[in-house]
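Open the model in your viewer and keep the selection panel at hand. The tour goes stop by stop, with a selection to make at each.

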Amino acid sequence: MTVRGSRREDRPWPAASLPDSYLISRRLVTAGTVAIIAGSLVLFLNEGAAGVWRWGFDIFITVRDWRP
Amino acid sequence: MILVGLYLLLLILTFCGYIVGLYFAIVYAGIPLLLLSVPVGVSAGLLWGAGRVLEQWPATHRPPQLWTPDSEVAHGAVDTPMTYGVLRTDHAWAVYFIRQFRYDVSRCWLRLWSDVRSALELAREATNTQLLVVAGAFPITLPLLIMAAAAVGGMFATAVVMTVVACAGWILYWTVGMTAMVTLRSVDSLWRIVFGTEASCPTKYHVTPLPVFRCPGPHTDREQADNLDLHADIRPGRLGVLARVCGCGERLPTTVIRASRILDPYCRTCSAPLPDRAGLARDVRIGVFGATSAGKTHLLASGLVRLYRHAQDGKASLSILDRRSRRQFDELSEIVDQGRSTISTEAVLPTAISLQVRRRWQSAHLHFFDAAGVALADEEQNARHSYLDRSRTLIFVIDPFSLSRVRDRAPKDLVDRAAVARDDPETAYRATTGRLQRYGVSTAKQNLAIVVSKADLLAEVESLPRPHDSGSVERWLSANGMESLVTGAKTDFKQVRFFLSSAVDVDAGQPDAAFRWLLRTQKVVVE
């Protein structure tokens, strides 16, 4: 089995000697991590940050309109 | 006085201005910045961390720390206790989730920690020189500080996510992988139990269900000299579940069933080459013993040659496994074809004559051992004949002329022609069975064929017992003073049958009958 786009003979040493299972596993871990981070970021900006924005905006208006 | 008053007024005005400015800075800059700081900081930290994780995506990326086959050999856990005298694991790449994932995860943590330290260093240098300005402008600097802290949190969140993902892979390996591993190992064991497969060394007599396999990939002379191309434990494990990658990059199948089909097997103790498909085929070892000149070699020669030639006409195909066996078989064929007498077998350890039987989809390896009677009679020498321990089938050859009652009835010239065995059968039998029992071999699990040889000469003395009737031969032996041997054999062994054999006259006794019976007890049919 060869990782697409990175045939064994194309890879310089010592990556050339790395087994495909290492590359596949490493890429699975990388892809899994990046996918979770991207998902979390979207959720955070979409949901969490929106809440923070609304809450913060209320504070901003309160502080701005405050008069002694 | 006026100047002091003006100075105080200026001071108050400045302070009031600062307070008013501070109010506007907090309201219009501080709070919006504060609101932005956490999402922007966290997002920046996560993206930075993701970038660090993605650095290891390219196939050319080489981790600074790598668990190679050399590391495996140097530090890996030893699955197989003894491998041709060397205590080590095989030279192959371990599964990623055994060790390498830890290196990759820790590298990610270290890279991010190094980034944070660099950022802290920069911040420290900046605040050292402009501390007052930084402190005075806290509506701006505080949100920036919070943003930086959020970014650091985001970066380490990435590392935590990577650790969790890698640990999930590790758990998956230890659950799914272990299940597959146990299943495949069980299939291997089941195959061995059902089909009686083993690999036996024809020279050192070592028997193992797990032969050593040689990797066919490119190996340097040095690697070959260090036996790094040999895989002592091909079973699924830390080096791979379905397949493993040898240190040379060659992909090898796991499990003995699959490896035996394509790889060359070798002996575990002496790394001598074993027959093809050793470990996959049923393995039957037949040891022949008896007194010197009892007719062991003649029985083996005529029995094997007859077995081989008759098999060519039947459904089973019989072939000779290796060149050494071919040479020995050719010598035995010559003896049979030319009707020559055999010379006494040399008192050296015998090498097996190995044949392969194929019948339909089944195959079996047959190993025949012919030892010198002199060596077997000697307690010190017979200790080294360990093939007897591992044979589930044995043949004991009795020279009828070594029985005093037969000798008394026979004419003297016939006795001279018969080249009577040196020891009496009782002594020869006790020497070998005693040796087996001394070494803790359970003879109750072995089958024994007792063959009365030289039947053609015996026919000149008296009417023979029926050759195909085990009971008839047994009664004849008992009647000629062998009651205790017959009774002892039936007590010692699992199954015992009696045969008459003649290398010259097959009507007097077929020399291959004992072999056929013993092979049938091992579920091997050569017809």
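What follows is a tour of a predicted model, with most stops in chain B.

**Stop 1: the face between the chains**

Show chain A and chain B together. Select the contacting residues: 38 in chain B are in contact with 36 in chain A. About 3400 Å² is buried between the two chains, and carbon and sulfur atoms give 78% of that area. Now pick L35(B), W57(B) and A59(B). These residues supply 19% of the area that chain B buries against chain A, more than any other three residues.

Next, colour the helices. α1 (2-54), α3 (100-129) and α5 (138-195) of chain B each supply at least two residues of the side that touches chain A. Which helix gives the largest share of that side? Select α1(B): 15 residues come from there. Colour the touching side of chain B by class, and you get 30 nonpolar, six polar and two charged residues.

Look for links across the interface. Between chain B and chain A the count of salt bridges is zero. Polar contacts do turn up: six residue pairs, both partners at pLDDT 80 or more.

**Stop 2: a three-stranded sheet**

Stay in chain B and select its strands β4, β3 and β7. They form an open sheet in the order β4-β3-β7, with antiparallel pairing. Which strands lie at the edges? β4 (230-231) and β7 (264-266) of chain B do, each pairing on one side only. Zoom in on β3 (residues 212-214) of chain B, which three bridges join to β7(B). To see the register, label V212(B); Y266(B) in β7(B) stands opposite.

**Stop 3: an alternating strand**

Move to β9 (residues 317-320) of chain B and show side chains. They alternate along the strand. L318(B) and I320(B) point to one face and are buried. S317(B) and S319(B) point to the other face and are not buried. Add β10 (residues 353-359) of chain B: four bridges join this strand to β9(B), and the two run antiparallel. Within the pair, I320(B) stands opposite L355(B) of β10(B).

**Stop 4: a covered helix**

Select α18 (513-521) of chain B. Is this helix mostly covered or mostly open? Mostly covered: seven of its nine residues are buried. The buried residues are A513(B), A514(B), F515(B), R516(B), W517(B), L518(B) and L519(B).

Now show what surrounds them. The buried residues of α18(B) pack against one helix, α8 (296-311) of chain B, among other elements. The strands they pack against include β8 (282-290), β11 (362-370) and β12 (393-398) of chain B. β13 (447-452) and β14 (495-500) of chain B are also on the list.

**Stop 5: just past the helix**

Step into the segment after α18(B) and select Q522(B). Is Q522(B) buried or exposed? Q522(B) has a relative accessible area of 11%, so this residue counts as buried, the cut-off being under 20%.

Draw its side-chain contacts. One polar contact, of 3.3 Å, goes to the side chain of R392(B). Another, of 3.4 Å, joins the side chains of Q522(B) and T521(B). Leaving aside residues up to four places away in sequence, Q522(B) touches R282(B), V284(B), R392(B), T393(B) and N447(B).

For the last selection, take K523(B), just after α18(B). Check its backbone: phi is positive, about 65°.

Note on methods: Residues numbered from 1 in each chain as written. Chains lettered and ligands numbered in written order. Predicted model: local features only at pLDDT ≥ 70, side-chain atom pairs only at ≥ 80, totals over all residues. Heavy atoms only, no water. Pairing = 2+ DSSP bridges. Contact = heavy atoms within 4.5 Å. Buried area = accessible area lost by both parts, 1.4 Å probe. Salt bridge = Lys/Arg side-chain N within 4 Å of Asp/Glu carboxyl O. Polar contact = N/O pair within 3.5 Å; in protein donor to acceptor, adjacent residues only side chain to side chain. Nonpolar A, V, L, I, M, F, W, Y, C, P; charged D, E, K, R; others polar. Buried < 20%, exposed > 50% of the residue type's maximum accessible area, 1.4 Å probe, protein only.
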